[in-house]
Amino acid sequence: MADETDLPHASGPSGGWGSMKGMSRIYGESWPSLTAIKSLGRQNKPKGVMCVSCAWPKPANFSPFEFCENGAKATLWELTSARCTPNFWTDEAHSVSALRDWKDHDLESTGRLTHPLRYNAATDRYEAVGWEEAFLAIGATLQSLPKESVVFYASGHAGLEASYLYSLLARAYGNNNLPQSSNMCHETTSVGLTKVIGSPVGTIVWDDLLETDAFFFFGQNPGSNSPRFLHPLKDLKDRGGKIVTFNPVIEQGLVSFVDPQSPFAMLTGKETKISDQYHQLKAGGDIAAILGLCKCVIEADDAATAAGKAQVIDHAFVKQHTTGFDDFIQCCRTTNWSEIEQESGLTEAALREAGEVYIAAEKVIGVYGMGLTQHTHGALNIAMLVNLLLLRGNIGKPGAGCCPVRGHSNVQGQRTVGIAEKTKLVPLTKLKELFGFNPPIKDGMNIVEAVEALFDGKVKAFISLGGNLVRAVPDQKRMEKAWATQDLTVMVSTKLNRSHLFPAKQAYILPCLGRFEADEQATGNQAVTTEDSFSMISASIGERSPVSDTVKSELAIVTGIAKATVAPQPELKWDEWTADYSLVRDLIEKTYPDDFRDYNARMYEAGGFYRGNAAHERIWKTPQGRAIFTTPSELNSLGFQDAPDRYRLITMRSNDQFNTTIYGYSDRLRGLEGSRDIVLMCPEDIAEAGLTEGQRVQLVTDIEDGHDRRLRGLTLTAYKLPRGTIAGYYPECNVLVPISHHDELSKTPAYKSVPVRVEAG
Ligand SMILES: Nc1nc2c(c(=O)[nH]1)N[C@H]1C(S)=C(S)[C@@H](COP(=O)(O)OP(=O)(O)OC[C@H]3O[C@@H](n4cnc5c(=O)[nH]c(N)nc54)[C@H](O)[C@@H]3O)O[C@H]1N2
Ligand SMILES: Nc1nc2c(c(=O)[nH]1)N[C@H]1C(S)=C(S)[C@@H](COP(=O)(O)OP(=O)(O)OC[C@H]3O[C@@H](n4cnc5c(=O)[nH]c(N)nc54)[C@H](O)[C@@H]3O)O[C@H]1N2
Ligand SMILES: [Mo]
């Protein structure tokens, strides 16, 4: 078991003064106006603005400062006073080709985009274009292309109203090519969790956090990615609960925390120890580790039964609610500890210690993130966590459940309102009833399928509602080449990013309002709504002046494209909807009456209104009507064999980024400062490979498929990691990830275990 004092790179606790420094640095760098601070005070409160960063829920009993270090960074980054105007492109040094040498951080630092832009190949620059002209040209090109060849991507940020109309646009146009960023993150949850408990999303609500006895963390990093989660973790520790973590990397947020909202803690530096146990398993070792925990539960149950004591397995629950129990138990019994130790990289003793905590706790929440989802057998990882929870009835009872922590602020909600490539997830007959056209019935493409089709020359146009897809997907070098071969790219964006730098034959950047800005339409300032990780829906009302009077709301851009693309029909009232978003919410309620009852009335409820979740009520929407125990077919989630000189590469997020948005070069919580061009490796592996710390190395993907994938110029950095597991930053490492390397069920890219070699150079 790891001891935090072993960290070779010293780092302070999460939260505390370090987080204050992190925020003030962004403030200093981007110089948002003083009123930006006032906007922070409105964050995550009723009639305020829901955080633009992650999808962590907002408590109904909010505190005066209901934001975290990274939420504040995201807000300040959006509210920057810097502007990327059409003038930017008149600088001699600012050709599109030249900008490809810029870093992600520097591209976004140019500031908020202010004007719609069109690429001019003759000058290799973007130029201002009128909105109407842009819409008409985009519409004309879309009409001329085969419908199957157009993709409508969404990055998980835009509100429910714009997202609903975006999916309507795609279907009215004629396809279901509606991939979303969750195809790269929690698609494994949508598919894997649905398979075993019949619910595509997490099963807990806010009160469960307050009641639980223990959190078991598998591959989720709250310190960087959902820092407001640290408060319920601290509360649990204050009331004597337990936290057990499984993660190959020691993440400071899961080690200790100083509450920046507590003056006492800030002045005294009083730290709360977060994890009682921290298990540094091998990347891809979760199936074996969880099997070990299940083995402990079964053994304890056997012993209790023999001694005539209360049973450890919740047999009544298992009998009434589950299927597959006997086979699974059999598998646990016959898998021996030496296999488990080998595959997980953890000792039997360590797993027994974790098993004891699991058994002693009446109510357990299993938390997970990309450390489970982004693997070849990612869905099996999730099924194993569900197995563990089911053994003791830890789903659908107060204080217990399954908690996937979602990414973008509305990533879950966009799926709820129809941004889905799979038609079975969308009430097509309802759409026909409401809008009078026949929605296409053929499934569309997810991200991996769309990128593969792009590589094959079958995709001719990409529309992006937010995001930076070229930088976020696997096989980034191939993607850059293929992206530019298209007939049309349209990117609805707030800031310049790398995806803009590989323009198609026709390329547009359409600048949109941020969530903090007033969205004035014909009937007044409009609210937008988002859904968080606990299926709570809340409204946001921006009130800041827009960055310029030439930007439009995301919804207005969607309807602008729609009007120019889709043949007019009386039921498609794009202009009326743009004038009054509450009409769009009425449509959403009509399409999904169970989820959105009294939508317009309830959207200002403190903490949001609950969309409901069947599994939370122990209703299992699986074919068997039961929750399913899964007998694992593998003991690791890698999908490749270990081999000499082959390492498992984790691509990781720093504390100073939001996905491809790089705020800076301070990964404070890991004690790593100044550069992202590094690869972390444990000292024993460095010595065995005959390398030296500080040496320049390159990573080479160890998969033979005719493509050479390598990333040069990395500094080898000694770090406390399990043997054979190394780590580098996302998105820089995306050149190394083959598009074919993904979860077998959901096709989520396996970004957390890429087979690579480490070579000098
Ligand atoms: N500040 C900030 N917040 C964010 C984001 C951001 O980039 N920055 N991104 C947002 C988005 S879109 C998402 S999806 C979420 C992502 O949030 P997380 O789910 O936390 O994602 P990651 O940080 O990529 O990975 C989580 C952890 O998995 C661990 N890990 C890697 N491999 C394994 C493994 O095999 N097993 C186990 N048990 N652990 C492993 C890593 O060490 C890391 O600590 O955060 C959202 N919030
Ligand atoms: N190797 C590796 N790759 C990964 C991951 C990983 O862990 N490892 N994680 C994956 C995950 S979980 C995800 S979700 C994807 C992220 O993939 P994306 O969602 O496509 O990427 P982002 O970096 O979030 O997009 C940033 C851009 O969004 C735009 N933007 C910001 N705010 C707004 C807004 O309010 N409206 C609009 N319209 N645009 C806005 C800005 O122009 C900004 O440059 O990356 C995936 N890629
Ligand atoms: Mo994500």
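**A tour from helix H6 to the salt bridges**

In this predicted model, begin with helix H6, whose buried residues are covered by elements that include strand S6 (150-154), helix H7 (160-173), strand S15 (461-465), strand S16 (488-493), strand S17 (506-511) and helix H25 (554-565). Select residues 131-144 to show H6 itself: its 14 residues should span 20 Å at 1.5 Å a residue, and its end C-alpha atoms are 20 Å apart, which agrees.

Now colour Trp131, Ala134, Phe135, Ile138, Gly139, Thr141 and Leu142, which are buried in H6. Looking down the axis of H6, you will find these buried residues within an arc of 165°, so they line one face of the helix. On the other side, Glu132, Leu136 and Ser144 are exposed.

Move next to the open sheet in which three antiparallel strands follow the order S20-S21-S22. Strand S20 (528-531) and strand S22 (609-610) stand at its edges with a single partner strand each, so one side of each has no neighbour in the sheet. Between S20 and strand S21 (residues 536-540) there are four bridges, and Thr529 can be seen opposite Ala539 in S21.

Then select Asp276 and Lys237, whose side chains meet in a salt bridge with an N to O distance of 3.2 Å. Asp276 belongs to the loop between strand S10 (272-273) and strand S11 (277-279), while Lys237 belongs to helix H11 (residues 230-238), so the pair ties together parts 39 residues apart in sequence.

Finish at helix H24 (residues 476-483), where Glu480 and Lys477 lie three residues apart, about one turn of the helix, and form a salt bridge of 3.1 Å, N to O.

Key. Residues numbered from 1 in each chain as written. Chains lettered and ligands numbered in written order. Predicted model: local features only at pLDDT ≥ 70, side-chain atom pairs only at ≥ 80, totals over all residues. Heavy atoms only, no water. Helix = DSSP H or I, 4+ residues; strand = E, 2+ residues; numbered from the N terminus. Expected span 1.5 Å × (residues − 1). Buried < 20%, exposed > 50% of the residue type's maximum accessible area, 1.4 Å probe, protein only. Arc of directions from axis to C-beta. Contact = heavy atoms within 4.5 Å. Pairing = 2+ DSSP bridges. Salt bridge = Lys/Arg side-chain N within 4 Å of Asp/Glu carboxyl O.
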